[in-house]
Amino acid sequence: MIDLSAKRAAGPAIRLHPRDNVVVARVPVPAGTAIPGENVVAQQDVPAGHKLATADIPAGGAIRKYDVVIGFAGEDIPAGTYVHAHNCLMQEFQRDYAFCEDYRPVDYVPEAERATFQGIVRADGRVGTRNYIAIASTVNCSATVVRGIADYFTPERLADYPNVDGVVALSHTLGCGMEMTGEPMALLRRTIAGYVRHANVAGVVIVGLGCERNQIGGLMEEQRLRAGPLLHTMVMQEVGGTRKTIEAGVEAVRAMLPEANRVTRQTVSAEHLTVGLQCGGSDGFSSITANPSLGAAMDILVRHGGTAILSETPEINGVEHTLTRRAVSREVGEKLLERLRWWKEEYAAGRDTQINGKVSPGNQAGGLANIIEKSLGSSMKGGTGPMMEVYRYAEPVTQKGFVFMDTPGYDPVSATGQVAGGANLIAFTTGRGSMFGAKPVPSVKLATNTPMYRRLVDDMDINCGLVLDGEATIQEMGERIFRLLLDTASGTRSKSEELGVGNNEFVPWQIGITG
């Protein structure tokens, strides 16, 4: 288990573990600065969030942060040296997966004492946090039409339906020019179907062109979807083209609105909350403030019977052993390793991708040297409880507790898979400042540091930089996040919702060949 006990937040640098050979600059550290308690003087300027060696590290020696190996010295690194991508190299090393060694059953809060929120209970018992009508395309060729239908329903035209949060277009770039069978098509269809069935969606219009490979008939049959008053299908080539299909779609939505508006919120247990966990635009503080604080919130949620979905498979690479040790069974742990093996040996082998080493320029500028260091922080979002199951992309998440879903690290694609799997809320940590929404699911954004929070206050929902400032502990921040999630699930609009962000973030994973 990664040691997340309280860290000293005062002074110019933060030591994360007694056995580490680097510390993290809390503020910009000029060359010549003595680091209190470390018996070392900075030899170069070290930006905030970046690392400084506290001991001589020989070439090839392991560089340790949180007592986890994040890379190896590419050259002799004297104490006081700035440590980053130029001298911290990534290479494979043996990890002890120790399946289930750290497994501990969840200490659940008694049902009568569990936290609650004001949710939307559907006829089949599913619980939503929002109430949308969705217009879904089977193929890129109907993207303009689904957007035309959704765009018609302005706030003014929905004024008579106050319980409807909006009409959202689910357009994408797939559906044709792709494999007819196999995982790419199956993935696309289960992603679309996951949104069609989502608890945050009251009604759906599915629009196809007519000649695409992802035929409406195949989608409906394979995913066992049935047309009805709240699920309409339209084929543009049969309806009469673009204008007539938009008009027909508008009429179909109008017919759904009265029924969709009949919902009322009611008090439900937090066990009905399923949170998709995301991080993007990360920095060196992500693993110190926002990510472990979100993890603390997820530990609380799981104790109250809820579900936390950790994803972004490339962003657990290098620290997967910290998850297999917490697996409920060896089978679950092996599922995680199989997904990593597929990524490394089949999907991304030889490619200049994140899982093979380099993080994005923004992540590097924020202080992350490589994917293992980013993974160290990313994995913390899931908390410290047992890993109960591993899912493939967009599969329905039925297991309560902390689970993992295989997705890319690209946030819109990853969140799309989580929402398709049933997430009714997204919690998104960021150190650089990601602007993100995920209609029809509310997204809350957690800032890792105070300067960025203040600069982007219109987009950030909560400032986890208070941990770095010494004004809150990780556990205290976790409690605040948990309460924010309950409030948001109850209908309080997030910053991204206030700004209207989330109309372009339905991005199914394109894993197949285009031809």
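Q: What makes strand 13 stand out in the lining of the second largest pocket?
A: In this predicted model, strand 13 gives the most to that lining, with four residues. A lining residue must have an atom within 4 Å of a pocket point, so the four residues of strand 13 each satisfy that cut-off. Strand 13 (166–170) and helix 1 (143–152) each supply at least two residues, and the pocket holds about 620 Å³ of space.

Q: Which residues of the second largest pocket lie closest to its centre, and how many line it?
A: There are 28 lining residues, with Tyr132, Asp165, Gly166, Val167 and Lys439 closest to the centre.

Q: Why are ten residues in the lining of the largest pocket called charged?
A: Asp, Glu, Lys and Arg count as charged, so ten residues of this lining are of those types, beside 19 nonpolar and 14 polar ones. The 43 lining residues include Asp124, Arg126, Arg197, His198 and Ala199, which lie nearest the centre, and the pocket encloses about 1000 Å³.

Q: How do you know that helix 6 and helix 14 meet?
A: Contact requires heavy atoms within 4.5 Å, and therefore residues such as Leu294 and Met298 in helix 6, and Ile481 and Phe482 in helix 14, count among those that meet. The residues of this contact divide into twelve nonpolar, three polar and one charged.

Q: Why is the crossing of helix 6 and helix 14 called right-handed?
A: The axes come within 7 Å and cross at roughly 60 degrees. The crossing is right-handed, which means that the near helix is turned clockwise from the far one.

Key:
Residues are numbered from 1 along each chain as its sequence is written. This is a predicted model: local features need pLDDT of at least 70, side-chain atom pairs count only at pLDDT 80 or more; totals for chains, interfaces and linings use all residues. Side-chain values use heavy atoms; hydrogens and water are left out. On a 1 Å grid over the protein atoms alone, a cavity is a set of points where a 1.4 Å probe fits but cannot get out, and a pocket is an open set with protein on both sides within 12 Å along at least five of seven lines; lining residues have an atom within 4 Å of a point. Grid points are joined across faces, edges and corners, and a volume is the space filled by probe spheres set on the points. Axes are lines fitted to C-alpha atoms, for helices over the stretch in contact, and angles run from 0 to 180 degrees between N-to-C directions.
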